[in-house]
Amino acid sequence: MKLCVALDLPSAKENLELVEKIKEYDVWLKVGLRAFIRDGYNFLGELKKINPNFKIFLDLKLHDIPNTMADAAQEIAQFGVDMFNVHASAGKVAMRTVMKRLESCQKQPIVLAVTALTSFDEANFQAVYNQDIASKATQFAKDAYESGIHGVVCSAFESQEIKNNTCADFVTLCPGIRPFGEDSGDQKRVATIPFAQENSVDFIVVGRPIYESTEPANIVKRILDIL
Ligand code: C5P
């Protein structure tokens, strides 16, 4: 299992200071909407300058018409990032169009599809999708798998069921992880690291428990020690 650190701090300076503190560790860095909208493509280069071995997950959750998503995916692939994501609810045609477009790219990143956001509880999920989280997340995952996508973003609670319904190699990346009993914040379905391990999770995403800590390097080290 790999650790992906979410860089969700309010400025590029603070994110870069955080990355500087954890540069010796074998982690992935997650650049999300906040950092990318504010700091753009150059920020990705700044991260690589700190340690060229960092892998970058660009978490922009594309959701649009198929051609627009494929155009955006092609641009993202040209950045040289290692992983990015789309929303499975954009549909199979959109996901297939994205994967088809990436065939011609020199370096193909891992592409994930978001199933159910970990901030949803059952009631709010029902209100949007008219279905329970577990069965809809599995359906989204099957759609993604059949569209040639490499894996999904899901909660640790759905990871094993998704693999059972797709294949063991189908990647699961799970946010909402609280390694040492930290506050769940806006996340509704939080899990521990042992639970993620039992459920064959491939990547855990950890944000606030690391960047809100006064000793982020120590938290990263403690997480890596138990992975
Ligand atoms: O701070 P925390 O550990 O809750 O951060 C989780 C990160 O994962 C955030 O950057 C959030 O945008 C992202 N994420 C999520 N749920 C998803 C997809 C991404 O929480 N389904």
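Colleague: Which of the 16 residues around the ligand come nearest?
Modeller: Asp 8, Lys 30, Gln 187, Gly 207 and Arg 208 do, out of the 16 around the ligand. "Around" has a cut-off here: a residue is near a molecule or strand if one of its heavy atoms lies within 4 Å of it. Before we go on, this is a predicted model, where local features need pLDDT of at least 70 and side-chain atom pairs count only at pLDDT 80 or more, while totals for chains, interfaces and linings use all residues. Residues are numbered from 1 along each chain as its sequence is written, and side-chain values use heavy atoms, with hydrogens and water left out.

Colleague: What makes the pair between Lys 30 and the ligand a polar contact?
Modeller: The term means a pair of N or O atoms within 3.5 Å (within protein, one must be able to donate a hydrogen and the other to accept it, and residues adjacent in sequence count only if both atoms are side-chain atoms). A side-chain N or O atom of Lys 30 is 2.7 Å from a ligand oxygen, so the pair qualifies. Arg 208 also has a side-chain N or O atom 2.7 Å from an oxygen of the ligand, and for Gln 187 the distance from a polar side-chain atom to a ligand oxygen is 2.8 Å.

Colleague: How much of the ligand does the protein bury?
Modeller: The protein buries 88% of the 470 Å² that the ligand exposes when taken alone. Those areas come from the Shrake-Rupley method with a 1.4 Å probe; for residues, only the protein chains shown count as cover.

Colleague: Which helix and strands each supply at least two residues of the shell around the ligand?
Modeller: Helix H9 (208-211), with strands S3 (55-62) and S8 (203-206). Helices (H or I, at least four residues) and strands (E, at least two) are DSSP runs, numbered from the N terminus.

Colleague: What is the shell made of, by class?
Modeller: Seven nonpolar, three polar and six charged residues. Ala, Val, Leu, Ile, Met, Phe, Trp, Tyr, Cys and Pro count as nonpolar, Asp, Glu, Lys and Arg as charged, and the others, Gly among them, as polar.

Colleague: Let's leave the ligand. Why is Ala 127 called exposed?
Modeller: Exposed means over 50% relative accessible area, buried under 20%, and partly exposed in between (1.4 Å probe, protein chains only). Ala 127 has 67%, so it is exposed. This residue belongs to helix H5 (residues 122-129).

Colleague: And why is Tyr 25 called buried?
Modeller: Because its relative accessible area is 16%. Tyr 25 is in the loop between helix H1 (12-21) and strand S2 (28-32). Its C-alpha atom is 29 Å from that of Ile 162, 137 residues apart along the chain.

Colleague: What makes Ile 204 buried?
Modeller: Its relative accessible area is 0%, so Ile 204 counts as buried. Ile 204 is in strand S8, and its C-alpha atom is 6.4 Å from that of Lys 2, although the two are 202 residues apart along the chain.

Colleague: Why is Gly 91 called partly exposed?
Modeller: Gly 91 has 22% relative accessible area, so that label applies. Look for Gly 91 in the loop between strand S4 (83-87) and helix H4 (92-102).

Colleague: Which sign does phi of Asn 130 have?
Modeller: Positive: phi of Asn 130 is near 55°, and the residue is not a glycine. Most residues other than glycine have a negative phi. Asn 130 lies in the loop between H5 and helix H6 (133-146), and is exposed, because its relative accessible area is 66%.

Colleague: What is phi of Ser 200 near?
Modeller: Near 55°, again a positive value in a residue other than glycine. Ser 200 sits in the loop between helix H8 (193-198) and S8. Its relative accessibility is 28%, so Ser 200 is partly exposed.
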